[in-house]
Amino acid sequence: MTVIKMDQLRKDFTVRVKAGRFRREKRTVAAVDGIDLSIERGEMVGYIGPNGAGKSTTLKMLTGVLTPSGGHVSVCGLEPVPQRTRLALRLGVVFGQRSQLWWDLPLRESFRLLKHIYRVRPDEHAARLRRCVGLLDLEAFLDTPVRQLSLGQRMRGELTAALLHGPEVLFLDEPTIGLDVVSKQAVRSFLAELGATGDVTLVLTTHDLADIERLCRRLVVIDHGRVVHDGTIEALHTRYGSRRRLVVDLDAPLPTGFTVEGATLVSVEAEGHRASFDLAGDTAGAVVGRLAALSSLRDLSLVEPDIEDVVARLYAS
Ligand SMILES: Nc1ncnc2c1ncn2[C@@H]1O[C@H](COP(=O)(O)OP(=O)(O)OP(=O)(O)O)[C@@H](O)[C@H]1O
C-alpha cells in the first residue's frame with residue numbers, strides 16, 4: 001500500500017538578491033524541482049542530499065508546514081496542508097534541531113500532555129510508553145525537567161513523544177545529530193526495531209550516512225531539488241563501480257608480476273610485505289588461494305566499499 005506519494009512536487013521560493021550597489025532583484029529558487037516518489041507502507045527510506053538540496057523543504061511539504069508551488073503530494077491518503085490536523089494524528093515527527101517537549105516539565109509530564117492532546121487510549125499510551133522507556137533506557141530521567149536533559153537523553157525523549165500516539169509514518173530529520181556513539185547506537189537500534197515490525201513507514205533525513213547504512217534499504221538522493229538516485233546502497237555502489245578492498249600481510253615480499261584476474265593491485269607497502277587489491281566481484285578467494293599456495297599469507301582484511309565515498313562522488317557529479 002502506497003503511504004507517501006509525490007507527483008511532480010515542487011516548491012519555489014522568491015528571494016531578493018543584490019544586483020548592483022543599491023539594487024535588489026527578485027529571483028526564484030526551485031528548492032524542490034519536480035519530485036516523483038512513491039513510498040510503500042513499512043519502508044525505511046533514507047532521504048539524503050547535500051546542504052541546500054531540498055530535503056527539509058520536502059519534509060515540510062509532507063507534513064503540511066509548507067504549501068507546494070506545484071504538483072501533488074499525499075500522505076496516508078491525505079493532502080498535508082488542507083488536512084493537516086487529521087494527518088497530524090497519523091504522523092510522528094522528530095526534527096533534531098527542534099523540540100516537541102515542554103522545556104520546564106519533567107519528561108513524564110510531557111508524555112502525559114501528549115496523551116491528552118492526541119486523545120490516546122490510556123492502555124495504548126501506557127503500553128507504548130513502557131516499550132519506549134525499556135528500549136530507549138529512559139527510566140532514570142523520566143522525572144527530570146527537559147531543560148536539564150543532555151542532548152542524547154532529550155533525543156530519546158523526542159522519539160518517544162513522536163511515537164506515543166501510534167503514528168503510521170515517522171519523519172526523522174537528523175535524529176542522531178550531536179549524539180555520542182552510545183546514544184547514536186541506542187537511537188539506531190530502537191529505529192531498527194521499530195522498522196522491523198513493518199507497521200511504521202520511516203523517512204530519515206541525515207548527513208550521517210552510518211544511520212542510512214544501518215537502517216535503510218532504500219536510499220533516495222536529491223540534489224538541486226531533484227531525485228538523482230532512488231534504489232539500494234548496493235545499486236549506488238554498482239553504479240559507481242565501487243570495489244571491495246583486500247589487504248594482505250605477507251611473510252615474504254609479494255612476487256613481482258603477481259596478478260589474479262579481477263583483482264587490481266593498488267599498493268604495496270612495508271617492503272613488499274603488505275599489499276592491497278581492489279576486487280571485482282568474488283575474486284577475494286582467488287587472491288587468497290594464490291597467496292596461500294605461495295605459503296606467504298600471514299593476515300588479511302576485507303574492507304567493504306565506503307558509503308561516504310560513493311555518496312561524495314554522486315554529490316560531485
Ligand atoms: N524560507 C525560505 N526562503 C527562501 N529560500 C529558502 C527557504 N527555505 C529554503 N530555501 C532555499 O531552498 C533550498 C533548499 O533548502 P532546504 O532547507 O530544503 O535544503 P536541505 O536539503 O534541507 O539542506 P541542509 O542539509 O543544509 O539542511 C536552499 O537553496 C535554501 O536556501
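Two strands are said to pair here if DSSP finds at least two bridges between them, and with that in mind I would like to start at one particular bridge: Leu 219 has Gly 231, in strand E9, as its bridge partner. I should say straight away that what we are looking at is a predicted model.

Let me stay with those strands for a moment. E8 and E9 run antiparallel and are joined by five bridges, and together they form a hairpin that has two residues between its strands. In the turn of that hairpin sits His 224, whose phi is positive, at about 50°. Another position to look at is Asp 223, which stands opposite Arg 226 in E9.

Now let us step back to the sheet. The hairpin strands belong to an open sheet of six strands, with the order E5-E6-E7-E3-E8-E9 and with mixed pairing. Its edges are formed by strand E5, residues 91-95, and by E9, each of which pairs on one side only. If we ignore direction, neighbouring strands of this sheet are turned against each other by 15° on average.

That brings me to the domains. The protein chain is divided into domain 1, covering 2-238, and domain 2, covering 243-316, and the centres of the two, taken over C-alpha atoms, are separated by 40 Å. To the contact between them, domain 1 contributes 10 residues, while domain 2 contributes seven. Which elements give two or more residues to the side of domain 1 that touches domain 2? They are helix H7 (209-215), the two hairpin strands E8 (218-223) and E9 (226-231), and helix H8 (233-239). Of these, H8 gives the most, with three residues. By class, this side of domain 1 has six nonpolar residues, together with two polar and two charged ones.

Finally, let me turn to the ligand. The residues around it include Phe 13, Val 15, Val 29 and Ala 31, and also a run that takes in Gly 52, Ala 53, Gly 54, Lys 55, Ser 56 and Thr 57; Gly 49 and Asn 51 are likewise among the residues around the ligand. The elements that give two or more residues to this shell are strand E1 (2-18), strand E2 (24-40) and helix H1 (55-62), and it is H1 that gives the most, with three residues. Divided by class, the shell has five nonpolar residues, six polar ones and one charged.

Definitions and conventions: Residues are numbered from 1 along each chain as its sequence is written. This is a predicted model: local features need pLDDT of at least 70, side-chain atom pairs count only at pLDDT 80 or more; totals for chains, interfaces and linings use all residues. Domain bounds come from an automatic or database domain assignment. Two residues are in contact if their C-beta atoms, placed from the backbone, lie within 7 Å. Helices (H or I, at least four residues) and strands (E, at least two) are DSSP runs, numbered from the N terminus. Ala, Val, Leu, Ile, Met, Phe, Trp, Tyr, Cys and Pro count as nonpolar, Asp, Glu, Lys and Arg as charged, and the others, Gly among them, as polar. A residue is near a molecule or strand if its C-beta atom, placed from the backbone, lies within 6 Å of it. Axes are lines fitted to C-alpha atoms, for helices over the stretch in contact, and angles run from 0 to 180 degrees between N-to-C directions.
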